[in-house]
Amino acid sequence: MITATTVDEVRSFVKKQKSEGKTVGLVPTMGFLHEGHASLVKKSVEMCDVTVVSVFVNPTQFAPNEDFDAYPRDFKRDCALLESCGADLVFHPEASEMYAEDFTTGVTMDVLSKTLCGKTRPIHFNGVCTVVSKLFNIVTPDKAFFGQKDAQQLAIIKRMVRDLNFDIEIVGCPIVREEDGLAKSSRNTYLNADERKAALCLSQSVAIGKKMAEEGVSDTETILAAMRAHIEKEPLAKIDYVEAVDGVTMQPTEKVKDGVLFAMAVYIGKTRLIDNFIV
Ligand code: AMP
């Protein structure tokens, strides 16, 4: 596996691969990789001739009060995992390689980025759209792989690709969970033992909601009330939101139907975790 730190290195690698007629997959990540990320990389290796993974904690998607500095990093371990998954190149730029000091252009998204996580994190998705657009322009992949774990991000990237005519297929991949149900996340490392136990209220609440939807409960508010009530029983948990939205437009919806996204963000102590399911 090649490690690249500059845009030029990535460009010349991709150029060579494409000149040989190979298809290129891209998996954007912020590193501190786990089996959730690995599932995306494996999917890309399966579907594309060549797989590029970016490991970049993107400063523009963190607000000043968020965990940019504290975000866990272990590039050596990430490389070992990526190599074992069959990735061909890891792109690990410095922030200065991605953003010139006088950088002033960005991609913004309205509507879809205003609900769910966008309410608490108003600049987050503009940072995501900007960095993902840059990665798309640098790598020019045929396909790019994103996790359903970040369901709003996946919907936003799909919309951005449509709106801005990126010639890239976006492949969504299912949520990978710990054995007890907790969705795998780099941020799980922030949890102490008590918080780790308390964090199960998210996936349990997802299971409750999913079962009610499968049993035919037809209004989202009944399901959301049961999901919220379960989380509220956990003293270490504080709900940011538990909401139901249309899976494409990210706008609130009252009726349960195919494609409705039930999503939540919950603070466990100081750690903000997310989880979701789609009907
Ligand atoms: P991150 O490093 O957190 O920015 O995540 C990079 C990519 O991995 C995103 O597309 C995430 O949705 C995806 N991802 C993170 N955790 C999981 C998981 N538990 N299951 C599936 N995909 C995941």
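# Exercises on a predicted model

Phe-136 is buried, and its relative accessible area is 2%. This value, like every other one below, comes from a predicted model. Let us work through the structure together.

## Exercise 1: A ring pair around Phe-136

Task: Work out how the rings of Phe-136 and Phe-146 are arranged, and which parts of the chain their pair ties together.

Solution:
- Start with the two places. Phe-136 belongs to helix H6 (residues 124-139), while Phe-146 belongs to strand S5.
- Next, look at the rings. Their centres are 6.5 Å apart and the planes make 80°.
- Apply the cut-off: planes over 60 degrees apart count as edge-to-face. The pair of Phe-136 and Phe-146 is therefore edge-to-face.
- Now the link along the chain. Because one ring is in H6 and the other in S5, the pair ties together parts that are 10 residues apart in sequence.
- Finally, check the partner's surroundings. Phe-146 has a relative accessible area of 3%, so this residue is buried.

## Exercise 2: A second ring pair

Task: Decide how the pair of Phe-56 and Tyr-99 should be described, then look for what surrounds it.

Solution:
- A search of the whole structure gives seven aromatic pairs.
- In the pair of Phe-56 and Tyr-99, the ring centres lie 6.4 Å apart and the planes are at 35°, so the pair is tilted.
- Phe-56 sits in the loop between S3 and H3, and Tyr-99 in the loop between helix H4 (95-98) and helix H5 (117-120); the pair therefore ties together parts 43 residues apart in sequence.
- Phe-56 and Tyr-99 are both buried.
- Ring pairs also bring in Phe-103, giving a cluster of Phe-56, Tyr-99 and Phe-103.
- Tyr-99 has a charged companion too: the charged end of Lys-134 sits over its ring, 5.3 Å from the centre.
- Elsewhere, Arg-73 lies over the face of Phe-68, at 5.0 Å from the ring centre.

## Exercise 3: The six-stranded sheet

Task: Find the strand order of the sheet with six strands, and say which helices lie on it.

Solution:
- The order is S1-S4-S3-S2-S5-S6, in an open sheet with parallel pairing.
- At the edges are strand S1 (2-4) and strand S6 (169-173), each of which pairs on one side only.
- From one strand to the next, the twist averages 25°.
- Helix H2 (residues 35-47) packs on this sheet and touches S2, strand S3 (50-55), S5 and S6; the direction of H2 makes about 155° with that of S5.
- For a closer look at one pairing, take strand S2 (residues 24-29) and strand S5 (residues 143-147): they run parallel and are joined by two bridges. Here Gly-25 stands opposite Lys-143 in S5.
- Helix H3 (residues 75-85) lies across S1, S3 and strand S4 (89-91), and runs at about 165° to S3.

## Exercise 4: Helix H2 up close

Task: Test whether the span of H2 agrees with its number of residues, and find its buried residues.

Solution:
- H2 has 13 residues, which should span 18 Å at 1.5 Å a residue.
- The end C-alpha atoms of H2 are 18 Å apart, so the two values agree.
- The buried residues of H2 are Gly-36, His-37, Ala-38, Leu-40, Val-41 and Ser-44.
- These buried residues pack against S2, S3, H3, S5 and S6.

## Exercise 5: The three-stranded sheet

Task: Describe the sheet formed by S7, S8 and S9, and find the bridge partner of Ala-263.

Solution:
- The three strands form an open sheet in the order S7-S8-S9, and the pairing is antiparallel.
- Strand S7 (237-246) and strand S9 (271-278) are the edges, each pairing on one side only.
- The average twist between one strand and the next is 15°.
- Strand S8 (residues 260-268) pairs with S9 over eight bridges, and Ala-263 has Asn-276 in S9 as its bridge partner.
- Helix H9 (residues 200-214) lies across S7, S8 and S9, at about 20° to S9.

## Exercise 6: Positive phi values

Task: Find where Leu-116 and Met-250 lie, and whether each is buried or exposed.

Solution:
- Most residues other than glycine have a negative phi.
- Leu-116 has a positive phi, near 45°, and lies in the loop between H4 and H5. Its relative accessibility is 2%, so Leu-116 counts as buried.
- Met-250 has a positive phi, near 65°, and its place is in the loop between S7 and S8. At 1% relative accessibility, Met-250 counts as buried.

Technical notes. Residues are numbered from 1 along each chain as its sequence is written. This is a predicted model: local features need pLDDT of at least 70, side-chain atom pairs count only at pLDDT 80 or more; totals for chains, interfaces and linings use all residues. Side-chain values use heavy atoms; hydrogens and water are left out. Two strands pair if DSSP finds at least two bridges between them. Helices (H or I, at least four residues) and strands (E, at least two) are DSSP runs, numbered from the N terminus. Axes are lines fitted to C-alpha atoms, for helices over the stretch in contact, and angles run from 0 to 180 degrees between N-to-C directions. Contact means heavy atoms within 4.5 Å. Rings of Phe, Tyr and Trp (its six-membered ring) pair if their centres lie within 6.5 Å; planes under 30 degrees apart count as stacked, over 60 as edge-to-face and the rest as tilted. Buried means under 20% relative accessible area, exposed over 50%, partly exposed in between (1.4 Å probe, protein chains only). A charge sits over a ring if NZ of Lys or CZ of Arg is within 6 Å of the ring centre and within 35 degrees of the ring normal. The expected span of a helix is 1.5 Å times one less than its number of residues.
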